[in-house]
Amino acid sequence: MAFGGGGPFGIAYGLGVADGLRDSGLSFEGVNLLGTSAGAWVASSLATGVGFADLCVVPQLRLPSLRPGLLRDIAADLFGDAQSEHVTASAVHIPRGRRVMLRGDTYRLADIVAASSAVPGLFAPTRLDGGLYVDGGVRSMVSADHAQPARHLLVVAPIAGRMFGPGGQLMELMLRGEVRRWHHATGGRAYVLRPNAEIASLVQHPLQVFDKDGALAAYPLAYAQAQRLVGEWPSLAALVTGRGAAA
């Protein structure tokens with residue numbers, strides 16, 4: 001699975017989709033989870049059993065919040081010192097601007113989550129092994145082309161399609177290119193979930209993805225969307241029930 005960025009809104013959307021699919025029968029046991037920015041919080045939550053209710057306890061942050069270590073402290077309160085071989089987070093190394101995949105079996109989840117979501121200008125860069133890292137969304141909102149080879153890839157993209165008009169359309173074009181590259185490299189089949197019109201209407205401006213009220217409203221809608229899509233997409237339904245494993 002690959003989870004894209006989008007602030008607290010993206011976390012709520014990603015977890016809402018994941019919980020909706022899980023309650024429909026999809027197991028995340030042993031699944032490799034790639035997260036970018038907000039998606040890194042989602043991936044780490046799924047790997048550790050941290051639920052949406054736990055994330056709701058985090059207070060609304062005043063932006064910008066440039067105190068060094070802020071994101072790491074918040075993530076450590078949620079994930080402690082946990083690591084996971086199944087979690088990878090996309091971040092950007094500065095000053096070179098190189099995209100780096102940080103593995104959860106090498107670093108604490110709290111460290112890679114902080115590095116992946118340090119939005120330039122809003123949060124201080126995260127220092128890790130002597131290097132500085134900023135939000136992986138600087139290079140790509142999903143980095144789906146960096147997902148590990150698999151027979152099936154489920155992509156959850158909070159910022160794509162109907163989101164933000166032309167901006168969302170540009171993210172959609174980038175996402176489609178990433179999915180094509182992943183497919184050509186691996187031969188696997190990808191499924192992409194994006195916010196529908198009702199969910200997209202919750203945020204009209206990019207900075208609104210950091211609004212906690214919008215995130216709280218997005219979660220149940222994303223949950224319902226995921227469960228509805230299981231009924232509408234036979235191929236996704238087969239994957240959820242396990243019949244797609246040999247497809």
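Me: At what angle do the axes of H1 and H8 cross?
Reply: Roughly 35° in this predicted model, with the axes of H1 (residues 7-23) and H8 (residues 212-232) coming within 7 Å. Helices are DSSP runs of H or I, at least four residues, and strands are E runs of at least two, numbered from the N terminus. Axes are lines fitted to C-alpha atoms, for helices over the stretch in contact, with angles from 0 to 180 degrees between N-to-C directions.

Me: Which residues of H1 meet H8?
Reply: Among them are Phe9, Tyr13 and Leu21 in H1; the H8 side includes Ala218, Tyr219 and Val230. Contact means heavy atoms within 4.5 Å. The residues of this contact divide into 14 nonpolar, five polar and two charged. Ala, Val, Leu, Ile, Met, Phe, Trp, Tyr, Cys and Pro count as nonpolar, Asp, Glu, Lys and Arg as charged, and the others, Gly among them, as polar.

Me: Switching to strands. Why is E6 largely enclosed?
Reply: Four of the five residues of E6 (residues 131-135) are buried (under 20% relative accessible area, 1.4 Å probe, protein chains only), so the rest of the structure largely encloses it.

Me: What are the bridge partners of Leu132 there?
Reply: Ile94 is one, and Arg127 is another. E3 (residues 87-94) pairs antiparallel with E6 over four bridges. Pairing takes at least two DSSP bridges.

Me: Where does pLDDT stay under 50?
Reply: Over residues 243-247. pLDDT is the predictor's confidence in each residue, from 0 to 100. Where it is low, the predicted coordinates should not be read in detail. The chain averages 93.

Me: What are the ground rules?
Reply: Residues are numbered from 1 along each chain as its sequence is written, and side-chain values use heavy atoms, leaving out hydrogens and water. Local features need pLDDT of at least 70, side-chain atom pairs count only at pLDDT 80 or more, and totals for chains, interfaces and linings use all residues.

Notes: Buried < 20%, exposed > 50% of the residue type's maximum accessible area, 1.4 Å probe, protein only.
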